[in-house]
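Got your viewer open? Load the model and follow along, one selection at a time.

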Amino acid sequence: MSAQLPSTALAHILVSPGHDATTPGKRGVFLDHGEVVVREYRTNRKVAEALVQRLLTSGTTTRVWDPHAGVEITSGNYEWSDVSEREGPKERVRWADRWLREIGAAPEKVLGLELHTNAATKSSRVKGDGSSIRGAVLYPPTKRTAQWGPIAQSLVAAWKEHGPLPLFRRALIPRDYYWNKYLDAVPMIFELGFHTSWADAQVHLSPDGPQAMGEAVYRGLLPHLRWG
Ligand SMILES: [Zn+2]
């Protein structure tokens, strides 16, 4: 695979699973399905792991990082750091920006990808199958420059073809969201379904679901990876 779009070839990808076990809330409880609980951080980490595994075995020279630890991920069984280890989202991002500068990363060649699943409603205690919307939502950055359109486009196209959930919509990251506001690199958020939808939750909980989601994200990134 050669880079079809050299101008968007990424030198670094920051992969963030968004939360850890200590983040309050962030779960769906399906009251009529035996009180099955979907914990967001678990799904996010599984997807992140699947994505990282694919990136590390692809032969790309794009480097992969845990932005919350400042650690380069070089092994498929990476143990994710706790997102909350650094106090405050703003400080966490500022700190990531600093080490990106230290390693000499050009911000326009760095993609900061946060992977989430979401609650669509205020209450995460769901009756029946839930009436929540479902599907994946891609949030490109508000600070958009020419080279980021193609990355968002290929993520969407690959998701439509390979994603195990429907694509619900594309929307801009909320302007004030810390990842958008403070990250020097290009921020992107992919919300991979709603943990208040039973249909989505079944994919989140299935052994193959997060794997398939990671694969779909990987395929979306593929044309923008660096080779050689
Ligand atoms: Zn989240």
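One term before we click anything: two strands count as paired if DSSP finds at least two bridges between them. With that in hand, select β8 and β9, which pair in the parallel sense over three bridges. Keep in mind throughout that this is a predicted model.

**Zoom out**

Before going further into the strands, show the whole chain. The protein has six helices and ten strands. Its C-alpha atoms fill a box of roughly 50 × 40 × 35 Å along the principal axes. How does the radius of gyration compare with that of a compact globule? For 228 residues the globule rule gives a value near 17 Å, and the protein has 17 Å, so the two agree. Colour by burial if your viewer can do it: buried residues make up 44% of the 228. If you draw a contact map, look well away from the diagonal, since among contacts with a separation of 6 or more, 80% link residues 24 or more positions apart.

**The seven-stranded sheet**

Now select the strands in the order β5-β4-β1-β6-β10-β8-β9 and step across them; these seven form an open sheet with mixed pairing. At its edges are β5 (71–72) and β9 (167–170), each pairing on one side only.

Go back to β8, residues 136–139, and look at both of its neighbours. On one side is β9, the parallel partner; here V137 has R169 as its bridge partner. On the other is β10 (residues 186–194), which pairs with β8 in the antiparallel sense over four bridges. Pick out two of the residue pairs in that ladder: A136 stands opposite L192, and L138 has F190 as its bridge partner.

While the side chains are on, a reminder: in a regular strand they alternate between the two faces of the sheet.

**Into strand β6: L111**

Next, centre on L111, in strand β6 (residues 110–118). Is it buried or exposed? L111 counts as buried, because it has 22 C-beta neighbours inside 10 Å and the cut-off for buried is 20 or more. Leaving out residues up to four places away in sequence, L111 touches L10, I13, I151, A185, V186 and M188. Two names there link back to places on this tour: V186 falls in β10, which spans residues 186–194, and I13 falls in β1 (12–16). Then draw a distance from L111 to P187: the C-alpha atoms are 6.2 Å apart in space, with the two positions 76 residues apart in sequence.

**Two helices, one crossing**

Select α3 (residues 148–162) and α6 (residues 209–221). They pack at an angle of about 140°, with their axes 7 Å apart. That makes the two helices oblique to each other, because the class called roughly antiparallel is kept for angles over 145 degrees. As for handedness, α3 passes α6 in a right-handed crossing. To see what meets at the crossing, show S154, L155, A158, W159 and H162 from α3 against E215, A216, V217, R219 and G220 from α6.

Stay on α3 and pick A152. With 19 other C-beta atoms within 10 Å, A152 is partly exposed. Not counting residues up to four places away in sequence, A152 touches L138 and P140; L138 is the residue you just saw bridging to F190 in β10. Measure across to α6 as well: the C-alpha atoms of A152 and G220 are separated by 8.2 Å, though the residues are 68 apart along the chain.

**The three-stranded sheet**

Now hide the first sheet and show β3-β2-β7, three strands in an open sheet with mixed pairing. β3 and β7 (125–126) stand at the edges with a single partner strand each, so one side of each has no neighbour in the sheet. β2 and β7 pair in the parallel sense over two bridges, and V29 stands opposite R125 in β7.

**Last stop: two loops around β2**

Finish with two residues that have positive phi without being glycine. K26 has phi near 60° and lies in the loop between β1 (12–16) and β2 (27–30). E35 has phi near 55° and lies in the loop between β2 and β3 (36–39). Which of these is buried, and which is exposed? K26 is buried, with 22 other C-beta atoms within 10 Å, whereas E35 counts as exposed, with 9 such neighbours.

Methods: Residues numbered from 1 in each chain as written. Predicted model: local features only at pLDDT ≥ 70, side-chain atom pairs only at ≥ 80, totals over all residues. Buried ≥ 20, exposed ≤ 12 C-beta atoms within 10 Å, placed from the backbone. Contact = placed C-beta atoms within 7 Å. Rg over C-alpha atoms; globule rule 2.2 N^0.38 Å. Axes fitted to C-alpha atoms, helices over the stretch in contact; angles between N-to-C directions. Parallel < 35°, antiparallel > 145°, perpendicular 65-115°, else oblique. Left-handed = near helix turned anticlockwise from the far one by under 90°.
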